[in-house]
Protein chains: 2
Amino acid sequence: MTTYLALADSLEVDVRKAVPGSRVPSEHELVDLHGISRLTARAALQELERRHLVRRVRGAGTFVARRIEYRIAADTPPSWSETVRRAGGVPRNELLATEVVAADGEVADALGLAPGAPVVRVDRRGWVDGEQAGISSSHFPADRFTDLPAQLVAGDGCADGTTCDTSNGIETSSRHADSASLYTTLVEHYRVSPRRAWSTAELDVLAPEAASLLGLSGRPLAWWLLSCNHDGEGRPIEFARSWLRTDVFKVVFRLEAAS
Amino acid sequence: MTTYLALADSLEVDVRKAVPGSRVPSEHELVDLHGISRLTARAALQELERRHLVRRVRGAGTFVARRIEYRIAADTPPSWSETVRRAGGVPRNELLATEVVAADGEVADALGLAPGAPVVRVDRRGWVDGEQAGISSSHFPADRFTDLPAQLVAGDGCADGTTCDTSNGIETSSRHADSASLYTTLVEHYRVSPRRAWSTAELDVLAPEAASLLGLSGRPLAWWLLSCNHDGEGRPIEFARSWLRTDVFKVVFRLEAAS
DNA sequence: GAGTGGTCTAGACCACTAC
DNA sequence: TAGTGGTCTAGACCACTCC
C-alpha cells in the first residue's frame, strides 16, 4: 500500500466519525505527525476530497464535508427547498436575476412554444447549510407568468421592504437575501402544483462563469440537470437548467416505469 | 492562469480533435517541450483525466478516451449490449460466474420473494471496444430460471463447443469468451421481453475487489446502478447491481413521468 | 532495455483566510 | 500576522508495458 493511500484510508475512518464542518489535520500537521513530505500529505487530503469526504478551502483549512442526498424521482416535488429539506439540510434561495427573453430552441421545445416566444427567465442560487450548493436558470411562458419576477421580489427577505437590486450579480446585494421559494410562489400565487414531466442528469465540466457563481475554482465537475415541469393539467410551465456541486450533493436518480 | 491549467486547456483542444485511442504527449515530452517540471506536466495530464478526456495507463502512456453515453430511460431496453450499441460502441459480454444463492433482503424485496428464497445469480463483466467497462450481478427467481446458467454457457463463444470454466474467476478462461447476451437469452429462450420496472444511479467509491475486476487501482469513483426488470405482464424477473467505469461511460439518466 | 506513469523527497513562493 | 491550501522546481526510485 502506498503511503498516501494508507494515510487517506486512516483519515477516512476519523472523518466518517467526525461532525460535518469540523477540521481535518492540515497538510503541515500531517507532515509533522507522520514524517512525510508535504506532497504526500497533500495527496492524502486530495484523495479524501476526491471521495467527497472533505472540503478544502484555501487559506482556511480542510473540513469534514456535509453531503446530502439529492433525490430525483417522479414522486419527489420539483422544489429545491423541499428536496434539500427532505435530505436533512437547511435550504436557502437567492434570486440572482429575472429577465424576459426570447426562448431558444431547447426552451421552446420543452415548453411547447414557438422558438423566439417570450419567456420569463429566473436565475437563482441555492444554498445548503449556509454553503453555495447550486445555481439554476428557470424559464416560464411569459404570457402566463408575467408578474412572476415581482412576486418573487415581493416575497424575498429584504428587511426594509424595498426591492433588492439583484440584477447585476452576486457580490452586491445578495449576501443574505432569501427569495421566496419559487415552488411556493407557484403554488400559492398561481394556484398550480408543478409536477415533473421529465428530468435528465449527468456529470459534466462546469463552465468557468458557473464555477465562480458556485464558489469553485479551476474547472470542476458538477451535476448538470435539465428538468421540465407541468401543471396539474399536463401543460408545461417550467423548464430549468441547473448545476449542482458534487461535494454538496450525492445525486440519486430514480426512474420508475409507468406500470 | 496557472501553468498546468493553461497546458491542460491547450492539450484539451488537441485531444478533442484526435481519434479516440491515439497517444497524448507523455509527461517527459511535455517537460522537454515546455520547459516545465515533471510535476506540472503531470498535473496537466491528470487534469485531463479528471475531465474524462484521456485515460492513463502505467507503463504504456496517456491516450485519448473513448467515452460513451450510457442512456437509462424508461424506453431504453435493459440490455447491456443494446445500450452500448446505441451509443456507438462495440459491446462484449463475459460470464464470470453463476450460482444459486439465497436472496438477501434487497434482492427478495425487488423480486417479490421471501428473504432466503433461492435465486440464480449471474455475474458478468461488460466490455466496450475491447476495454473493461463494467461488472454486474443479476438475480433471477430460481424456480422460473433454473437452467439459465446452462443456457448462457451453451451460447457463449467457446469455439470447441465444450463449456468454458468461467466459475473460478477472470484470469483463467475468459480472455475472449463472449457469453450470449443475457437479454437475448431471456427473449429467445424464455420468451419474455424484460422491461425496466425501476432503476437508480449514483456515483460512489468502488470497493477494491470490484476495482480490480474493472482494471482500476486505488479507490476510484464509479457509477453504481440498481435496476429491476419485469416481464411483459408486470412480474419482476431480474434485479441487478452494477458498477460502470466513469472514464468509459457518461451516464445520462432520463426520468419521464407517467402522463 | 527504453519509455511510461505512480510515488516520494525537500525545498520554495504565492494567494488567501481568520484573527 | 500566522497558518492554510495552490502551485512549482529538480531531483529520485519504482512497477509496469511494449518491443
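Student: What phi does Gly35(A) take, just after H2(A)?
Tutor: This is a predicted model, where local features need pLDDT of at least 70, side-chain atom pairs count only at pLDDT 80 or more, and totals for chains, interfaces and linings use all residues; side-chain values use heavy atoms, without hydrogens and water. Residues are numbered from 1 along each chain as its sequence is written, with chains lettered from A and ligands numbered from 1 in the order written. H2(A) is a helix (a DSSP run of H or I, at least four residues, numbered from the N terminus). Just after this helix, Gly35(A) has a positive phi of about 60°.

Student: Which residues of H2(A) are buried?
Tutor: Buried means under 20% relative accessible area and exposed over 50%, with partly exposed in between (1.4 Å probe, protein chains only). In H2(A), residues 27-34, the buried ones are Glu27(A), Leu30(A) and Val31(A).

Student: Within what arc do the buried residues of H2(A) fall?
Tutor: The arc is taken from the directions from the helix axis to the C-beta atoms. The buried residues line one face of H2(A), because seen down its axis they fall within 105°.

Student: Which residues are exposed on the other side of H2(A)?
Tutor: The buried residues are covered by elements including H1, H3 and strand S2 (54-57) of chain A. Exposed on the other side are His28(A), Asp32(A) and Leu33(A).

Student: How far is a polar side-chain atom of Arg38(B) from a base nitrogen of DNA strand C?
Tutor: Arg38(B) is among the closest of the 26 residues that surround the strand. Its polar side-chain atom lies from a base nitrogen at 2.8 Å.

Technical notes. A residue is near a molecule or strand if one of its heavy atoms lies within 4 Å of it. A polar contact is a pair of N or O atoms within 3.5 Å; within protein, one must be able to donate a hydrogen and the other to accept it, and residues adjacent in sequence count only if both atoms are side-chain atoms. Helices (H or I, at least four residues) and strands (E, at least two) are DSSP runs, numbered from the N terminus. Contact means heavy atoms within 4.5 Å.
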